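Subject: Handing over a structure, with notes

Hi there,

Here is the structure I promised to pass on. Please have a look at it first, and then read my notes below.

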Amino acid sequence: MAEASSRIMVAVNESSIKGYPNPSISSKGAFEWTIEKIVRHNVTAFDLLFLHVQVPDEDGFDDMDSIYASPEDFKHLNQRNRISGAHLLEYFVNRCHEIGVRCQAWTKLGDPKEVICHEVKRVQPDFLVVGSRGLGPFQKVFVGTVSEFCVKHCECPVITIKRKANETPQDPIDD
(Lines give C-alpha, C1' and ligand atoms only; values in the text may rest on other atoms or scores of the structure.)
Protein backbone atom coordinates (compact mmCIF):
# COMPACT_ATOMS: atom_id res chain seq x y z
CA MET A 1 0.00 0.00 0.00
CA ALA A 2 1.36 3.43 -0.95
CA GLU A 3 2.11 5.84 1.85
CA ALA A 4 -0.17 8.90 1.99
CA SER A 5 1.45 12.18 1.03
CA SER A 6 1.76 15.09 3.44
CA ARG A 7 -0.40 18.08 2.57
CA ILE A 8 1.25 21.44 3.05
CA MET A 9 -0.82 24.59 2.65
CA VAL A 10 1.10 27.72 1.64
CA ALA A 11 -0.72 31.06 1.88
CA VAL A 12 0.51 33.43 -0.85
CA ASN A 13 -0.07 37.02 -1.85
CA GLU A 14 1.05 39.44 -4.51
CA SER A 15 3.86 41.93 -4.14
CA SER A 16 3.00 45.46 -3.11
CA ILE A 17 6.29 46.83 -4.48
CA LYS A 18 7.06 44.91 -7.66
CA GLY A 19 3.61 45.26 -9.11
CA TYR A 20 0.78 42.81 -9.47
CA PRO A 21 0.77 39.88 -10.19
CA ASN A 22 4.27 39.03 -8.98
CA PRO A 23 4.48 37.02 -5.74
CA SER A 24 5.46 38.93 -2.62
CA ILE A 25 8.95 38.51 -1.19
CA SER A 26 7.43 36.72 1.81
CA SER A 27 5.35 34.35 -0.32
CA LYS A 28 8.31 33.41 -2.50
CA GLY A 29 10.41 32.91 0.63
CA ALA A 30 7.80 30.65 2.25
CA PHE A 31 7.55 28.60 -0.95
CA GLU A 32 11.31 28.29 -1.46
CA TRP A 33 11.83 27.36 2.21
CA THR A 34 9.16 24.67 1.91
CA ILE A 35 10.82 23.22 -1.18
CA GLU A 36 14.36 23.38 0.25
CA LYS A 37 13.70 22.29 3.84
CA ILE A 38 10.61 20.07 3.69
CA VAL A 39 10.15 18.65 0.21
CA ARG A 40 13.87 18.47 -0.66
CA HIS A 41 14.22 15.61 -3.17
CA ASN A 42 11.18 13.65 -2.03
CA VAL A 43 8.73 15.32 -4.42
CA THR A 44 6.21 12.47 -4.45
CA ALA A 45 5.70 12.58 -0.68
CA PHE A 46 4.05 16.01 -0.64
CA ASP A 47 1.06 17.85 -2.03
CA LEU A 48 1.36 21.63 -1.90
CA LEU A 49 -1.87 23.58 -1.51
CA PHE A 50 -1.61 27.27 -2.46
CA LEU A 51 -4.22 29.72 -1.20
CA HIS A 52 -4.44 33.33 -2.34
CA VAL A 53 -7.00 35.50 -0.55
CA GLN A 54 -8.31 38.36 -2.65
CA VAL A 55 -9.28 41.32 -0.47
CA PRO A 56 -12.66 42.63 -1.75
CA ASP A 57 -11.84 46.32 -1.37
CA GLU A 58 -8.69 46.00 -3.45
CA ASP A 59 -10.31 45.42 -6.81
CA GLY A 60 -14.07 45.01 -6.46
CA PHE A 61 -14.13 41.62 -8.19
CA ASP A 62 -16.58 38.95 -7.20
CA ASP A 63 -15.56 35.79 -5.35
CA MET A 64 -14.13 33.02 -7.45
CA ASP A 65 -13.71 29.46 -6.32
CA SER A 66 -11.35 28.05 -8.90
CA ILE A 67 -8.88 25.24 -8.45
CA TYR A 68 -5.69 24.93 -10.48
CA ALA A 69 -3.44 21.89 -10.58
CA SER A 70 -1.41 22.12 -13.77
CA PRO A 71 0.05 24.78 -16.06
CA GLU A 72 -2.63 23.94 -18.65
CA ASP A 73 -5.36 25.06 -16.23
CA PHE A 74 -4.22 28.66 -16.74
CA LYS A 75 -4.15 28.75 -20.55
CA HIS A 76 -7.83 29.55 -21.16
CA LEU A 77 -8.46 32.06 -18.42
CA ASN A 78 -10.06 35.30 -19.40
CA GLN A 79 -8.44 38.62 -18.41
CA ARG A 80 -10.72 39.13 -15.42
CA ASN A 81 -9.67 35.84 -13.83
CA ARG A 82 -6.01 36.64 -14.43
CA ILE A 83 -6.40 39.97 -12.65
CA SER A 84 -8.26 38.29 -9.77
CA GLY A 85 -5.26 36.31 -8.54
CA ALA A 86 -5.01 33.37 -10.91
CA HIS A 87 -1.92 34.80 -12.57
CA LEU A 88 -0.24 35.00 -9.17
CA LEU A 89 -1.04 31.34 -8.50
CA GLU A 90 0.23 30.40 -11.94
CA TYR A 91 3.78 31.21 -10.76
CA PHE A 92 3.60 28.66 -7.93
CA VAL A 93 1.85 25.95 -9.96
CA ASN A 94 4.41 26.28 -12.76
CA ARG A 95 7.30 26.06 -10.27
CA CYS A 96 5.80 22.92 -8.71
CA HIS A 97 5.41 21.27 -12.08
CA GLU A 98 8.99 22.15 -13.01
CA ILE A 99 10.27 20.21 -10.01
CA GLY A 100 7.59 17.49 -10.02
CA VAL A 101 5.62 18.33 -6.87
CA ARG A 102 1.84 17.76 -6.96
CA CYS A 103 -0.11 20.90 -6.16
CA GLN A 104 -3.43 22.67 -6.17
CA ALA A 105 -4.05 26.40 -5.98
CA TRP A 106 -7.17 28.44 -5.42
CA THR A 107 -8.42 31.89 -4.58
CA LYS A 108 -10.96 33.03 -2.03
CA LEU A 109 -12.42 36.42 -1.29
CA GLY A 110 -12.30 38.05 2.14
CA ASP A 111 -10.11 39.01 5.07
CA PRO A 112 -6.89 37.00 4.66
CA LYS A 113 -6.62 36.13 8.37
CA GLU A 114 -10.14 34.78 8.60
CA VAL A 115 -10.16 33.06 5.20
CA ILE A 116 -6.85 31.28 5.75
CA CYS A 117 -8.04 29.90 9.10
CA HIS A 118 -11.36 28.84 7.54
CA GLU A 119 -9.60 27.10 4.65
CA VAL A 120 -7.24 25.32 7.06
CA LYS A 121 -10.27 24.00 8.91
CA ARG A 122 -11.98 22.97 5.66
CA VAL A 123 -8.98 21.40 3.89
CA GLN A 124 -7.16 20.06 6.98
CA PRO A 125 -3.54 20.26 5.79
CA ASP A 126 -0.79 18.70 7.89
CA PHE A 127 0.57 22.20 8.42
CA LEU A 128 0.45 25.74 7.08
CA VAL A 129 3.43 27.77 5.85
CA VAL A 130 3.12 31.56 5.73
CA GLY A 131 5.60 34.28 4.98
CA SER A 132 6.28 37.01 7.50
CA ARG A 133 7.60 40.48 6.81
CA GLY A 134 9.27 40.58 10.23
CA LEU A 135 7.62 43.83 11.28
CA GLY A 136 8.50 45.41 14.60
CA PRO A 137 5.96 45.94 17.40
CA PHE A 138 5.17 49.51 16.34
CA GLN A 139 4.48 48.53 12.72
CA LYS A 140 2.36 45.56 13.79
CA VAL A 141 -0.05 47.87 15.63
CA PHE A 142 -0.86 49.74 12.42
CA VAL A 143 -0.51 46.99 9.84
CA GLY A 144 -1.41 43.83 11.76
CA THR A 145 0.03 40.51 10.80
CA VAL A 146 -1.66 37.61 9.10
CA SER A 147 1.07 35.23 10.22
CA GLU A 148 0.61 35.96 13.94
CA PHE A 149 -3.15 35.58 13.62
CA CYS A 150 -2.73 32.21 11.89
CA VAL A 151 -0.31 30.97 14.56
CA LYS A 152 -2.89 31.75 17.23
CA HIS A 153 -6.07 30.61 15.45
CA CYS A 154 -5.40 27.94 12.81
CA GLU A 155 -6.27 24.35 13.62
CA CYS A 156 -2.92 22.96 12.46
CA PRO A 157 0.75 23.68 13.08
CA VAL A 158 1.86 26.93 11.45
CA ILE A 159 5.38 27.67 10.25
CA THR A 160 6.22 31.32 9.63
CA ILE A 161 9.13 32.16 7.39
CA LYS A 162 10.62 35.60 7.90
CA ARG A 163 12.01 37.26 4.80
CA LYS A 164 15.79 37.56 4.64
CA ALA A 165 17.39 40.80 5.82
CA ASN A 166 18.87 41.44 2.39
CA GLU A 167 15.38 41.18 0.85
CA THR A 168 13.80 43.86 3.03
CA PRO A 169 12.64 46.81 0.91
CA GLN A 170 13.30 50.40 1.89
CA ASP A 171 9.89 50.54 3.59
CA PRO A 172 9.59 47.28 5.58
CA ILE A 173 5.78 47.40 5.33
CA ASP A 174 6.14 46.79 1.61
CA ASP A 175 6.47 43.21 0.42
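Let me start with a question for you: are Phe31 and Phe92 buried or exposed? Both of these residues are buried. Before I go on, please keep in mind that this is a predicted model.

**The aromatic residues**

Four aromatic pairs turn up in the structure. Phe31 and Phe92 make up one of these pairs, in an edge-to-face arrangement, with 5.4 Å from centre to centre and 75° between the planes. Phe31 belongs to helix H1 (residues 25-39) and Phe92 to helix H3 (residues 79-99), so this pair ties together parts that are 61 residues apart in sequence.

Phe92 also pairs with Phe50: the ring centres are 5.2 Å apart and the planes are at 25°, so this pair is stacked. Here too, distant parts of the chain are linked, since Phe50 sits in strand S2 (residues 46-54) and Phe92 in helix H3, 42 residues apart. Phe50 is buried, as is Phe92. Through ring pairs, Phe31, Phe50, Tyr91 and Phe92 are joined into a cluster.

Another ring has a charge for company: the charged end of Lys113 sits over the ring of Phe149, at 6.0 Å from the ring centre.

**The overall picture**

Now for the whole chain. The protein has six helices and six strands, and along the sequence they follow the pattern β-α-β-α-β-α-β-α-β-α-α-β. There are 175 residues in the protein, and 42% of them count as buried. If you take the contacts between residues at least 6 apart in sequence, 75% of them join residues at least 24 apart. The accessible surface comes to about 9,600 Å², and carbon and sulfur atoms account for 50% of that.

**The sheet**

In what order do the six strands of the open sheet come? The order is S3-S4-S2-S1-S5-S6, and the pairing is mixed. At the edges are strand S3 (67-68) and strand S6 (158-162), each of which pairs on one side only.

Here are some of the strand pairs you can check in your viewer:

- Strand S1 (residues 6-12) and strand S5 (residues 127-132) run parallel and are joined by four bridges; Val10 stands opposite Val129 in S5.
- S2 and S4 pair in the parallel sense, over eight bridges; Leu49 is opposite Gln104 in S4.
- S3 and S4 run antiparallel, with two bridges between them; Ile67 is opposite Trp106 in S4.

**Helices on the sheet**

H1 lies across S1, S2, S5 and S6, and runs at about 135° to S5. Helix H4 (residues 112-123) packs on the sheet as well, where it touches S1, S2, strand S4 (102-109) and S5. The direction of H4 makes about 145° with that of S2.

For a view from a single residue, try Thr34, which is found in helix H1. Its relative accessible area is 0%, so Thr34 counts as buried. Which residues does Thr34 contact, leaving aside its neighbours within four places in sequence? They are Ile8, Val10, Val39, Leu48 and Val129. Of these, Leu48 is 14 residues from Thr34 in sequence, and the two C-alpha atoms are 9.2 Å apart in space.

**Two backbone angles to look at**

Two residues other than glycine have a positive phi that I would like to point out. For Arg40, phi is near 50°. Arg40 lies in the loop between H1 and S2, and with a relative accessibility of 54% it counts as exposed. For Gln124, phi is near 55°. Gln124 is in the loop between H4 and S5, and at 60% relative accessibility it also counts as exposed.

**In short**

If you open the model with only a few minutes to spare, I would begin with the cluster of Phe31, Phe50, Tyr91 and Phe92, then trace the open sheet in the order S3-S4-S2-S1-S5-S6, and finish with the contacts of Thr34, among them Ile8 and Val129.

Best wishes, and happy browsing!

Technical notes. Residues are numbered from 1 along each chain as its sequence is written. This is a predicted model: local features need pLDDT of at least 70, side-chain atom pairs count only at pLDDT 80 or more; totals for chains, interfaces and linings use all residues. Side-chain values use heavy atoms; hydrogens and water are left out. Buried means under 20% relative accessible area, exposed over 50%, partly exposed in between (1.4 Å probe, protein chains only). Contact means heavy atoms within 4.5 Å. Accessible areas come from the Shrake-Rupley method with a 1.4 Å probe; for residues, only the protein chains shown count as cover. Rings of Phe, Tyr and Trp (its six-membered ring) pair if their centres lie within 6.5 Å; planes under 30 degrees apart count as stacked, over 60 as edge-to-face and the rest as tilted. A charge sits over a ring if NZ of Lys or CZ of Arg is within 6 Å of the ring centre and within 35 degrees of the ring normal. Two strands pair if DSSP finds at least two bridges between them. Axes are lines fitted to C-alpha atoms, for helices over the stretch in contact, and angles run from 0 to 180 degrees between N-to-C directions.
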